[in-house]
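Open the model in your viewer and keep the sequence panel beside it. The stops below say what to select and what is found there.

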Amino acid sequence: MMVLDSLDNKDATALIRAIHRKGVEGLLSAAQEPLDTEDSIDKLQIRPTLKQAIKMALAGDESTDKEILRRLCLAGHGPSPSNVTEANQEQSKGSAG
């Protein structure tokens with residue numbers, strides 16, 4: 001407010017318009033830049049270890065997914081791997097038909 005108060009109305013209006021324009025340009029620029037998956041994960045408001053686990057899972061393949069599910073099941077934190085495999089097979093059948 002001190003800056004605006006120190007300017008005449010014309011200059012204050014010009015400054016506000018410039019701030020708005022730069023803000024819009026920044027938003028448009030950010031919207032056009034493709035987000036890197038790893039950067040997107042890093043921006044999540046979650047624990048660092050969970051970020052690392054997600055990155056490792058994304059770098060893996062089907063066997064990595066199954067191993068993660070197996071370990072979660074052993075720790076008592078999820079469905080059994082066989083239930084997940086059956087659900088995936090049913091989903092594949094549904095999308096194929």
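Before the first selection, one definition: a residue is called buried at under 20% relative accessible area, exposed at over 50%, and partly exposed in between, with a 1.4 Å probe and protein chains only. This is a predicted model, in which local features need pLDDT of at least 70 and side-chain atom pairs count only at pLDDT 80 or more, while totals for chains, interfaces and linings use all residues. Residues are numbered from 1 along each chain as its sequence is written, and side-chain values use heavy atoms, with hydrogens and water left out.

**Whole chain**

Start with the protein chain in cartoon view. Its secondary structure comes to six helices and zero strands, where helices (H or I, at least four residues) and strands (E, at least two) are DSSP runs numbered from the N terminus. Switch to a surface: the protein chain exposes about 8300 Å², and carbon and sulfur atoms supply 58% of that area. The areas come from the Shrake-Rupley method with a 1.4 Å probe; for residues, only the protein chains shown count as cover. Of the 97 residues, 4% count as buried.

**Helix α4: K51**

Select K51, which lies in helix α4 (residues 48-59). Which side chain of opposite charge is nearest to K51? It is D42, 5.4 Å away, and K51 is buried yet has no salt bridge. For charge, Lys and Arg count as positive and Asp and Glu as negative, with His and the chain ends not counted. A salt bridge needs a side-chain nitrogen of Lys or Arg within 4 Å of a carboxyl oxygen of Asp or Glu. Now show the backbone of D42: the side chain of K51 reaches its backbone oxygen at 2.8 Å. That is a polar contact (a pair of N or O atoms within 3.5 Å; within protein, one must be able to donate a hydrogen and the other to accept it, and residues adjacent in sequence count only if both atoms are side-chain atoms).

**Helices α3 and α4: K55 and E38**

The structure holds four salt bridges. Side chains of opposite charge can pair when their charged atoms come close. Select K55 and E38, whose side chains meet in a salt bridge at 3.9 Å, N to O. The pair links distant parts of the chain, with K55 in helix α4 and E38 in helix α3 (residues 37-43), 17 residues apart. K55 counts as partly exposed because its relative accessibility is 24%; E38, at 45%, is also partly exposed.

**Helix α5: E67, R70 and R71**

Move to helix α5 (residues 62-74), which has 13 residues. From its first C-alpha to its last it reaches 18 Å, close to the 18 Å expected at 1.5 Å a residue; the expected span is 1.5 Å times one less than the number of residues. Select E67 and R70: their closest N and O atoms are 2.7 Å apart in a salt bridge. These two are three residues apart in helix α5, so about one helical turn separates them. Add R71, which forms a salt bridge with E67 at 2.6 Å between the closest N and O atoms. Salt bridges that share partners also join E38, D42 and K55 into one network. Back in α5, R71 counts as exposed at 54% relative accessibility, while E67 is partly exposed at 28%. Just after α5, select G76, which takes a positive phi of about 80°.

**Last stop: L15**

Select V3, L15 and I19, which make a nonpolar surface patch of about 260 Å². Patches are made of residues with over 30% relative accessible area and no salt bridge; like charges are joined within 9 Å, and nonpolar side chains (Val, Leu, Ile, Met, Phe, Trp, Tyr) within 5 Å. L15 is found in helix α2 (residues 9-32).
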